[in-house]
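Hi,

Here is the structure I said I would pass along. Have a look at it first, and then read my notes below.

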Amino acid sequence: MSAPSAAVIVLAKAPEPGRVKTRLCPPATPAEAADLAAAALLDTLDAAAGVPGAQPVVALTGRLAGAVRRAELAAALRGFRVVPQRGAALGERIAAAHADTAALFAGCPTLQIGMDTPQAGAGLLAACLDRLRAPGTDGVLGLATDGGWWALGLRDPYAARLVAGVPTSRDDTGERTLRALRDGGLRIGLLPELTDVDTAADARAVADAAPGGRFAAAVERCPAFELAS
């Protein structure tokens, strides 16, 4: 088997009821929110696994034994390298995921995404890696419509340490992350802006953007989202 040309990291949390997507409750129940999270993660795993020449990696926290769709998730993860998340704050866990992946696959650039953008398919992720490989580019960042970000790509994965201290879950997290990377001397290209799933309206919008995926099907099955727009 040939060496991978890049690594696609999925930063993931086991979809345990009451521990994921709590901002969707209400209108969703904890079990419904966990099912939506599982569907989003499964779509994201498919996308990561479908990027030509890339090694998929999952940086995981939580217990799969307590997750909804655990059998389906276990089957999907068989083609992945799975590493535990390390660190207290989210920024620290992001930096550790890049560093741990670099230790496994030396010399590979990394592209890290979360599990909140199931509309990002393999084609888009491959295009993000192409952008990362462009001359004069050290990294790429995909900003999110809520002020955060959905994707971070780095030629040198250890450069993720630059974002370890950036506060997360703020409406200026994306801007702060971009500034931290550029202040660290990196030449950063911007990726397409996406909506990630935080609210019921987000869930409906993302389902509409990717109508053929598991996430869209899960939204359609959930009566709580019938009136979300």
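**Notes on the model**

Arg 86 is partly exposed, with a relative accessible area of 42%. One caution before going on: this is a predicted model.

I started with Arg 86 since it belongs to a salt bridge: its side chain meets that of Asp 100, at 2.8 Å from N to O. The two sit in distant parts of the chain, 14 residues apart, with Arg 86 in the loop between β3 (81-84) and α3 and Asp 100 in helix α3 itself. Is Asp 100 buried or exposed? Its relative accessible area is 17%, and the cut-off for buried is under 20%, so Asp 100 counts as buried.

**Other salt bridges**

Side chains of opposite charge can pair when their charged atoms come close. Searching the whole structure turns up 17 salt bridges. Glu 16 and Arg 63 make one of them, with 3.3 Å between the closest N and O atoms. Glu 16 lies in the loop between β1 and α1, and Arg 63 in the loop between β2 and α2 (70-76), so this pair ties together parts that are 47 residues apart in sequence. Glu 16 is buried, at a relative accessible area of 7%.

Arg 133 and Asp 130 form another salt bridge, their closest N and O atoms being 3.5 Å apart. Here Arg 133 is partly exposed at 36% relative accessibility, while Asp 130 is exposed at 52%.

There is also a network of salt bridges that links Asp 35, Asp 43, Asp 46, Arg 69, Glu 72, Arg 214 and Arg 221.

**Strands**

Strand β1 (residues 6-13) is mostly covered, with 7 of its 8 residues buried. Over 8 bridges, β1 pairs in the parallel sense with strand β2 (residues 54-61), and Val 8 stands opposite Pro 56 in β2. To get from β1 to β2 the chain passes through helix α1 (residues 30-49), and this β-α-β crossover is right-handed. β1 also runs parallel to strand β4 (residues 110-113), joined to it by 4 bridges; Ile 9 stands opposite Gln 112 in β4.

From β4 you can step on to β6, and this pairing is antiparallel over 4 bridges. Thr 110 has Leu 154 in β6 as its bridge partner. As for β6 itself, 6 of its 6 residues are buried, so the strand is largely enclosed by the rest of the structure. Strand β5 (residues 139-143) pairs with β6 as well, in the antiparallel sense over 5 bridges, and Leu 143 has Trp 149 in β6 as its bridge partner. In the hairpin of β5 and β6 there are 5 residues between the strands, and Gly 147 takes a positive phi near 100°.

**The pocket**

Rolling a probe the size of a water molecule over the atoms shows where empty space is left. The largest pocket holds about 1,000 Å³ of space. Which residues are closest to its centre? Out of the 32 that line the largest pocket, they are Lys 21, Leu 90, Asp 116, Ser 169 and Asp 198. Some elements from above turn up again here: β1, α3 (90-104), β4 and β6 (149-154) each supply at least two residues of the lining. Sorted by class, the lining has 12 charged, 10 polar and 10 nonpolar residues.

Cheers

Key. Residues numbered from 1 in each chain as written. Predicted model: local features only at pLDDT ≥ 70, side-chain atom pairs only at ≥ 80, totals over all residues. Heavy atoms only, no water. Buried < 20%, exposed > 50% of the residue type's maximum accessible area, 1.4 Å probe, protein only. Pairing = 2+ DSSP bridges. Right-handed = clockwise from strand over helix to strand, strands pointing away. 1 Å grid on protein atoms, 1.4 Å probe; cavity = no way out; pocket = protein on both sides within 12 Å on 5 of 7 lines; lining within 4 Å. Points joined across faces, edges and corners; volume = space filled by probe spheres on them. Nonpolar A, V, L, I, M, F, W, Y, C, P; charged D, E, K, R; others polar. Salt bridge = Lys/Arg side-chain N within 4 Å of Asp/Glu carboxyl O.
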